[in-house]
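Subject: Structure for your review

Dear colleague,

Please find below the structure that I am handing over to you. A short account of the findings comes after it.

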Number of protein chains: 2
Amino acid sequence: MRKLILFMNMSLDGYVAGPGGDIMAFHNGGDDFEAFSAEGSNQVDAILLGHTTYEMMKAYWPTPEAAASSPEIARFMNERPKYAVSHQPFEPGWQHVTVISGDDVIGDIRKLKTQPGQNIMIFGSNNLCASLVAAGVLDELQIMLNPFVFGGGTSLFEGLCNKMDFRLVNTQQFPSGNLLLSYVPK
Amino acid sequence: MRKLILFMNMSLDGYVAGPGGDIMAFHNGGDDFEAFSAEGSNQVDAILLGHTTYEMMKAYWPTPEAAASSPEIARFMNERPKYAVSHQPFEPGWQHVTVISGDDVIGDIRKLKTQPGQNIMIFGSNNLCASLVAAGVLDELQIMLNPFVFGGGTSLFEGLCNKMDFRLVNTQQFPSGNLLLSYVPK
């Protein structure tokens, strides 16, 4: 079965976005790429996104700036199948997108995992991930721990109500001081 | 000058205590000891604690249970000079304790750092640490990242209002899946 893998930037104080939703502070460039070439080791061929994250990605990855600064990621993001989760159906406005907006989003994502293909990666999409981790649908958590504290913001899996245990399976350190920590549910 | 080093347990979602102040979930036993034998490498000879943490430590470390289960740490905690920070003076009720409760706690701690001696370690004491890190008095941050999410609680340095950058200087992995991450302010 395909694995569902989350890639999430996080500050040292556990925030996936800073005050006012700030995500620009995360050290994204080279580090993300290296983590992402994870594409190889993770064998990812599809992308799952919450609606808010989808709109941010859609606004950036099809642009000439994205193609110039991160050509491989841009190609990946533009060309691979994308699944955007939303409370309401919407017009995706980007290529290779399926909108998931039914009554049983978790069930739809479970079905997606049983379809033929490689692994599925989620980027950010904290609200969606809180639901997925609570439902036991998330198979791996890749946290890019950035070396700063925000002092406030949106905590990882905010809204999750229960303690959940994970097993650390890998660590990778980047020159920036970012740490990529891989966990699986226990 | 003596360095002021924080040792803090933290969940994967950045909480130094879970809902209702839960700190029992942290994997403390063997891991803490190994990190603590840090005493060697960190050359620590004094302990600084916020009042709440002080009271918890005082309730445990002098007991026969503590002496039986963690004799080396118990000896260290009981015999080394301890500095307890409080808004109001109070009767310490434990040996080798100085209460710091004046108008200029940060200044008092700065002075402590200039006195002869080895390094000073703070355990927990999140409120105090938020003030110390904001004032630039904290020299090193040792985060014991536990492999679980709490889903809520008290975030690291809660109340700190500004983004602050750190430099990752060391990582150490324990068999439990705990990671000891050492950072210095940038």
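The notes below cover conventions, symmetry, the nonpolar core and the cysteines.

This is a predicted model, in which local features need pLDDT of at least 70 and side-chain atom pairs count only at pLDDT 80 or more, while totals for chains, interfaces and linings use all residues. Residues are numbered from 1 along each chain as its sequence is written, chains are lettered from A and ligands numbered from 1 in the order in which they are written, and side-chain values use heavy atoms, with hydrogens and water left out.

Symmetry. A turn of 180° with a shift of 0.0 Å along the axis lays chain B on chain A at an RMSD of 0.0 Å (least-squares superposition on the C-alpha atoms of residues with pLDDT of at least 70 in both). This is the relation of a two-fold axis. In chain B, the C-alpha of B:Gly14 is nearest the axis, at 1.9 Å. Of the interface residues of chain B, 100% are also interface residues in chain A, so the copies meet through the same surface.

Nonpolar core. The largest nonpolar core (buried Ala, Val, Leu, Ile, Met, Phe, Trp, Tyr and Cys residues joined through side-chain atoms within 4.5 Å) has 70 residues. Those touching the most other members include B:Leu48, B:Ile109 and B:Phe157. Among the residues in contact (heavy atoms within 4.5 Å) with B:Ile109 are B:Leu4, B:Val85 and B:Val137, not counting residues up to four places away in sequence.

Cysteines. The count of disulfides (cysteine sulfur atoms within 2.5 Å) is 0 over all chains. The sulfur of A:Cys129 is 16 Å from the closest cysteine sulfur, in A:Cys161, too far for a bond. A:Cys129 is also buried (under 20% relative accessible area; exposed is over 50%, partly exposed in between; 1.4 Å probe, protein chains only), at 0%.

With kind regards
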